[in-house]
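User: I have a chain in front of me and would like to go through how its sheets, helices and a few single residues are arranged. Please take it step by step and explain the terms as you go.

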Amino acid sequence: MTKLLIVDDEEIIREVLQAYFEKEGWDILFAENGLEALKQIKEGKPNIIILDLMLPDISGEEVCRLTRKDSDVPIIMLTAKSAEDDIINGIVIGADDYVTKPFSPREVVVRAKGLLRRVSATKRKDQLSFNNQQLMIDHIKKEVIFDGEIVALTPNEYKLLITMASYPGRVYSRGDLLVKIQEDEALFFEGYERSIDTHIKNLRKKVEYDSRNPNYILTVFGMGYKFGGKPDEMDTTY
């Protein structure tokens, strides 16, 4: 059963979302503040989180930042903050989607199910395949095949590719990618955030037909990078 954590200090919002998601057969966890949310994320292991930003103790942004240190659980931010800068900031710090209040509960359900489909289409497989098998990644063999040919990647390039390809569309800042590389204790990475640009440039030369007009490793101006490949199969569990 899909487990959803709803983080919001407004009882009426928790109740409305609970009613809609329980109709879908989902199990619901609740948190009224940021500290409770962090506890639920650690102990409850939700499959997806709907996160309000304006919480009474620590902010939703801080909850998102702390969660992203050791978890890739999908996060939808649900907030009254509707300015473009707020939305961009939310995505940069690790949110996967952003819904502004007032909202349609049905839309939130559709977005949550769509987000889980995208994640599950890649996360559950030992082999990822994109754009009609143009790009394939074998987790077991640590092998990348582009246009029918095995591509030799450095450990850092492989780590960057697998990080982004596991969550197509998610925006990663340079700092996020640097952290992902350093999570692997077997790797020693000397560099700063801008060093990521060099690795991205080299990666594009290996997995793109035209590195200046990439299809897979896309630049998100002012924010970082995201993976643009289309998974070949979509999971319809949710």
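User: In what order do the strands of the open sheet of four strands with antiparallel pairing stand?

Analyst: This is a predicted model, in which local features need pLDDT of at least 70 and side-chain atom pairs count only at pLDDT 80 or more, while totals for chains, interfaces and linings use all residues. Residues are numbered from 1 along each chain as its sequence is written, and side-chain values use heavy atoms, with hydrogens and water left out. Helices (H or I, at least four residues) and strands (E, at least two) are DSSP runs numbered from the N terminus, and two strands pair if DSSP finds at least two bridges between them. On that basis the open sheet of four antiparallel strands has the order S6-S7-S8-S9.

User: Which strands stand at the edges of that sheet, each with a single partner strand?

Analyst: Each edge strand has a single partner, so one side of it is left without a neighbour in the sheet. The two strands in that position are S6 (127–130) and S9.

User: Which residue of S7 is the bridge partner of leucine 128?

Analyst: S6 and S7 (residues 135–138) run antiparallel and are joined by four bridges. Within S7, the partner of leucine 128 is isoleucine 137.

User: What angle does the direction of helix H6 make with that of S7?

Analyst: Helix H6 (residues 155–165) packs on the sheet and touches S6, S7 and S8. Angles here run from 0 to 180 degrees between N-to-C directions, with axes fitted to C-alpha atoms, for helices over the stretch in contact. Between H6 and S7 the angle is about 105 degrees.

User: Is glycine 148 buried or exposed?

Analyst: Glycine 148 lies in the loop between strand S8 (143–146) and strand S9 (149–151). Buried means under 20% relative accessible area and exposed over 50%, with partly exposed in between (1.4 Å probe, protein chains only). Because its relative accessibility is 63%, glycine 148 counts as exposed.

User: What is the strand order in the open sheet of five strands?

Analyst: The pairing in this sheet is parallel, and its edge strands, S2 (27–31) and S5 (97–100), each pair on one side only. From one strand to the next the twist averages 20 degrees. Read across, the order is S2-S1-S3-S4-S5.

User: Which residue in S5 stands opposite threonine 79?

Analyst: Strand S4 (residues 75–79) runs parallel to S5, and four bridges join the two. Opposite threonine 79 stands threonine 100.

User: How many of the residues of S4 are buried?

Analyst: Both faces of S4 are covered, with Ile75, Met77 and Thr79 buried on one side and Ile76 and Leu78 buried on the other. Helix H3 lies across S3 and S4, running at about 175 degrees to S4. Helix H1 (residues 11–23) also lies across S4, as well as across S1 (3–7), S2 and S3 (48–51). The count of buried residues in S4 is five of five.

User: Is valine 99 buried or exposed?

Analyst: Valine 99 is found in strand S5. Leaving aside neighbours within four places in sequence, valine 99 is in contact (heavy atoms within 4.5 Å) with Ile76, Met77, Leu78, Thr79, Val108 and Arg111. With a relative accessibility of 4%, valine 99 counts as buried.

User: Why do H2 and H3 count as roughly parallel to each other?

Analyst: The axes of H2 (residues 34–44) and H3 (residues 60–68) come within 10 Å. Angles under 35 degrees count as roughly parallel, over 145 as roughly antiparallel, 65 to 115 as roughly perpendicular and the rest as oblique. H2 and H3 are therefore roughly parallel, as they cross at roughly 25 degrees.

User: Which residues of H3 are met by Gly34, Ala37, Leu38 and Ile41 of H2?

Analyst: The four named residues of H2 form one side of the contact, and the residues they meet in H3 are Val63, Leu66 and Thr67.
By class, this contact has five nonpolar, two polar and no charged residues, where Ala, Val, Leu, Ile, Met, Phe, Trp, Tyr, Cys and Pro count as nonpolar, Asp, Glu, Lys and Arg as charged, and the others, Gly among them, as polar. The H3 residues asked for are thus Val63, Leu66 and Thr67.

User: Which glycine takes a positive phi in the hairpin of S10 and S11?

Analyst: Strands S10 (residues 217–220) and S11 (residues 224–227) pair in the antiparallel sense over four bridges, and valine 220 stands opposite glycine 224. Three residues lie between the strands, and the one with a positive phi, near 75 degrees, is glycine 222.
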